[in-house]
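Trainee: Could you walk me through this model? I'd like to go from the overall fold down to single residues.

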Amino acid sequence: MNITSFLLYCFIVTFTPGPTNIVILSTVQNWGAKKAMEYTYGATIAFGLLLVISATLNSMLITIIPKILIVMQIIGSLYMLYLAYQIYKMDTSKPTINQTATFTSGFIMQFINPKVIMFTMTVIPSFIMPHSFTMSVVIICVMVITLVGFLAFSTWVLFGTIFKEFLQKHKKTVNILMALFLAYAAVMIWM
């Protein structure tokens, strides 16, 4: 497994602005870091649960239909290229969503967040299963990815104001760099 591409993909998808990160940023600005951390805990637990569900479903699929791995890799690569395009054209100047930040709302947000759903369903078959299919490796990778997600959410809490100002000031440059890194990760699936 290309660990660099795997980690790059995980970091880019979890650290770049998405619905959960935008709500976290809004929560920090409106209700403070303590309330944002409560939301973050719910989001992290749901993120890990979605990864476990994905690993289980993908393991069952790969056992039943061995050739499906290639299809899942293609879908994962195409999705990463789509995300790269979305990041490239992203407009961070739009206002954020106001909502009550609770553990439950953070938890539920992950199950309706298309970015998280697609990420959790593609990361395991794209990066882990082609190289190792043992349960212990999958469990370790799920824990690592969940930790990366928690670090991303926490970073948005702790440095939300700084990130918002930086993204507004250098939006185009940041988006181009993130898009290029994500496209690189998509291509490296096939290397």
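Mentor: Here is a short round of questions and answers. This is a predicted model, where local features need pLDDT of at least 70, side-chain atom pairs count only at pLDDT 80 or more, and totals for chains, interfaces and linings use all residues. Residues are numbered from 1 along each chain as its sequence is written, and side-chain values use heavy atoms, with hydrogens and water left out.

Trainee: What pattern does the protein follow along the sequence?

Mentor: Helices (H or I, at least four residues) and strands (E, at least two) are DSSP runs, numbered from the N terminus. The protein has nine helices and zero strands. Read in order, that gives α-α-α-α-α-α-α-α-α.

Trainee: Which element has the lowest mean pLDDT?

Mentor: pLDDT is the predictor's confidence in each residue, from 0 to 100. The protein's mean is 80, with 82% of residues at 70 or more. Where pLDDT is low, don't read the predicted coordinates in detail. Helix α7 (residues 135–158) has the highest mean, 92, and the lowest, 69, belongs to helix α8 (residues 160–169).

Trainee: Is Ser126 buried or exposed?

Mentor: Buried means under 20% relative accessible area, exposed over 50%, and partly exposed in between (1.4 Å probe, protein chains only). Ser126 sits in helix α6. Its relative accessible area is 3%, so Ser126 is buried.

Trainee: And Met135, buried or exposed?

Mentor: Met135 belongs to helix α7. Its C-alpha is 9.1 Å from that of Ser59, 76 residues away along the chain. With a relative accessible area of 55%, Met135 is exposed.

Trainee: What share of the contacts with a separation of 6 or more comes from residues 24 or more positions apart?

Mentor: A contact means heavy atoms within 4.5 Å. For a feel of distance in sequence versus space, take Ser126 and Ile74: 52 residues apart in sequence, yet 8.1 Å apart C-alpha to C-alpha. Across the protein, the share is 87%.

Trainee: How much space lies in the largest cavity?

Mentor: On a 1 Å grid over the protein atoms alone, a cavity is a set of points where a 1.4 Å probe fits but cannot get out. Grid points are joined across faces, edges and corners, and the volume is the space filled by probe spheres set on the points. The whole structure has one cavity of 30 Å³ or more. The space in the largest cavity is about 100 Å³.

Trainee: Which residues lie nearest its centre?

Mentor: Lining residues have an atom within 4 Å of a point, and this cavity has 13 of them. The elements giving two or more are α1 (3–15), α2 (19–31) and α6 (114–128). Nearest the centre are Val13, Thr14, Lys115, Val116 and Phe153.

Notes:
On a 1 Å grid over the protein atoms alone, a cavity is a set of points where a 1.4 Å probe fits but cannot get out, and a pocket is an open set with protein on both sides within 12 Å along at least five of seven lines; lining residues have an atom within 4 Å of a point.
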